[in-house]
Every structure is written in structure tokens, then in C-alpha cells.
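Hi,

Here is the structure I promised to pass on to you. Have a look at it first, and then read my notes underneath.

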Amino acid sequence: MLLGGAPSEYIDHATDSDVWHLIYDSLNANFTDILTQPKHILVTRWGADPFSRGSFSFPQPHHQVKWVQALQQLIDHRLGFAGEHCNAQYAGTVHGAYLSGIEAAQNILASLD
Ligand SMILES: Cc1cc2nc3c(=O)[nH]c(=O)nc-3n(C[C@H](O)[C@H](O)[C@H](O)COP(=O)(O)OP(=O)(O)OC[C@H]3O[C@@H](n4cnc5c(N)ncnc54)[C@H](O)[C@@H]3O)c2cc1C
């Protein structure tokens with residue numbers, strides 16, 4: 001599961017067992033025949049990691065796609081930006097950054113024609 005906001009902050013300081021119960025409640029609300037507690041679960045607690053603090057870019061409430069589109073524009077036909085913050089559909093993800101990189105490269109190549 002991928003969680004953000006308050007649930008993410010909760011997980012950062014909860015035990016694995018508490019996290020499992022959170023997952024179980026969510027699964028149980030949507031599916032039947034949920035498995036019993038697994039022998040082991042792996043919980044990443046990025047928010048509690050002193051080297052990352054869980055930070056990444058994300059669209060805030062009232063975010064406008066045109067702001068992302070502005071970042072996708074080449075400057076002087078030769079300077080382009082790429083990264084998680086430059087992809088409107090998959091913001092804040094590796095695949096968003098990857099797709100943004102491809103798009104920026106294509107924009108630069110097209111500008112050379
Ligand atoms: C804790 C955490 C967990 C995550 N988990 C997931 C996940 O499970 N799945 C997922 O899809 N995404 C996840 N993400 C998001 C994903 O890691 C990012 O979206 C992705 O790495 C962004 O790629 P990027 O190229 O835009 O930026 P980055 O990967 O941050 O690359 C930016 C690079 O620029 C370099 N840099 C910065 N300033 C300068 C400078 N002045 N000069 C030269 N270099 C500089 C940095 O050192 C860095 O190497 C997670 C992010 C975090 C923080």
C-alpha cells in the first residue's frame with residue numbers, strides 16, 4: 001500500500017502489527033476472505049528517515065495543471081526541465097520523472113530541427 005498525509009505520519013511511528021491492522025481494516029472493508037496476519041511485513045518509514053524525511057513534490061489543493069505545463073516549456077529553445085514535478089499525471093513518482101525526462105529530451109530534439 002502507498003499512503004500519504006496523516007496515515008503516512010501514523011505509520012512512521014506505529015508498530016508493524018499496528019500497520020497490519022490498518023491494512024487489514026482497509027482490505028476488510030472492500031473484500032471478503034481476507035487472509036490472516038502474514039508472518040512478516042515490510043514497512044518503509046520514509047518520514048522517520050533522517051536522510052529523506054519522506055519529502056517529495058506533490059500537487060497541493062488548488063494546484064493548476066498550467067503550472068506544470070509552464071515547467072515543461074523550453075527556455076530559449078535549449079533549456080528544459082525534467083523531473084517528478086514536471087509531470088502532471090504522475091507527479092511525485094519515479095515513472096513521472098522518467099516520462100518527464102523523455103518528454104523534455106524530445107522537446108529539445110524537436111527544437112534542433
Ligand atoms: C522517501 C521517498 C519514497 C519514495 N517512494 C517512491 C515509490 O515507492 N515509488 C515511486 O514511484 N516514487 C517514489 N518516490 C518518489 C521518487 O523517488 C521521485 O519522484 C523521483 O526520484 C524523482 O526523480 P527526479 O529525477 O525528479 O528527482 P531526484 O531523483 O530527486 O533527482 C534530482 C537529482 O538532482 C541532484 N541535484 C539537486 N540539486 C543539484 C544541483 N544544484 N546540482 C547538481 N545536481 C543537483 C540531486 O542530487 C538528485 O540526484 C519516493 C520519494 C521519497 C523521498
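Below are my notes on the ligand site, one residue of its shell and the domains.

Please keep in mind that this is a predicted model.

Let me begin with the ligand. Its surroundings are made up of W46, S52, G54, S55, G83, E84, G92, T93, V94, H95 and A97. By character, that shell has seven polar residues, three nonpolar ones and one charged one.

Three polar approaches to ligand oxygen atoms are worth a look on your screen. E84 places a polar side-chain atom 2.4 Å from an oxygen atom of the ligand. From V94 it is a polar backbone atom, at 2.9 Å from a ligand oxygen, and from G92 a backbone N or O atom, at 3.5 Å from a ligand oxygen. As for cover, the protein buries 36% of the 990 Å² that the ligand exposes when taken alone.

Next, A97, which belongs to the ligand shell and sits in helix α4, residues 94-112. Is A97 buried or exposed? With a relative accessible area of 28%, A97 falls in between and counts as partly exposed, because the buried class ends at 20% and the exposed class starts over 50%. Leaving out residues up to four places away in sequence, A97 touches G83 and E84. Between A97 and G83 the C-alpha distance is 4.1 Å, although 14 residues separate them in sequence.

Finally, the domains: the chain is split into domain 1, covering 5-48, and domain 2, covering 65-112. Their centres, taken over C-alpha atoms, are 35 Å apart.

Happy viewing, and best wishes

Key. Residues are numbered from 1 along each chain as its sequence is written. This is a predicted model: local features need pLDDT of at least 70, side-chain atom pairs count only at pLDDT 80 or more; totals for chains, interfaces and linings use all residues. Side-chain values use heavy atoms; hydrogens and water are left out. A residue is near a molecule or strand if one of its heavy atoms lies within 4 Å of it. A polar contact is a pair of N or O atoms within 3.5 Å; within protein, one must be able to donate a hydrogen and the other to accept it, and residues adjacent in sequence count only if both atoms are side-chain atoms. Accessible areas come from the Shrake-Rupley method with a 1.4 Å probe; for residues, only the protein chains shown count as cover. Ala, Val, Leu, Ile, Met, Phe, Trp, Tyr, Cys and Pro count as nonpolar, Asp, Glu, Lys and Arg as charged, and the others, Gly among them, as polar. Domain bounds come from an automatic or database domain assignment. Helices (H or I, at least four residues) and strands (E, at least two) are DSSP runs, numbered from the N terminus. Buried means under 20% relative accessible area, exposed over 50%, partly exposed in between (1.4 Å probe, protein chains only). Contact means heavy atoms within 4.5 Å.
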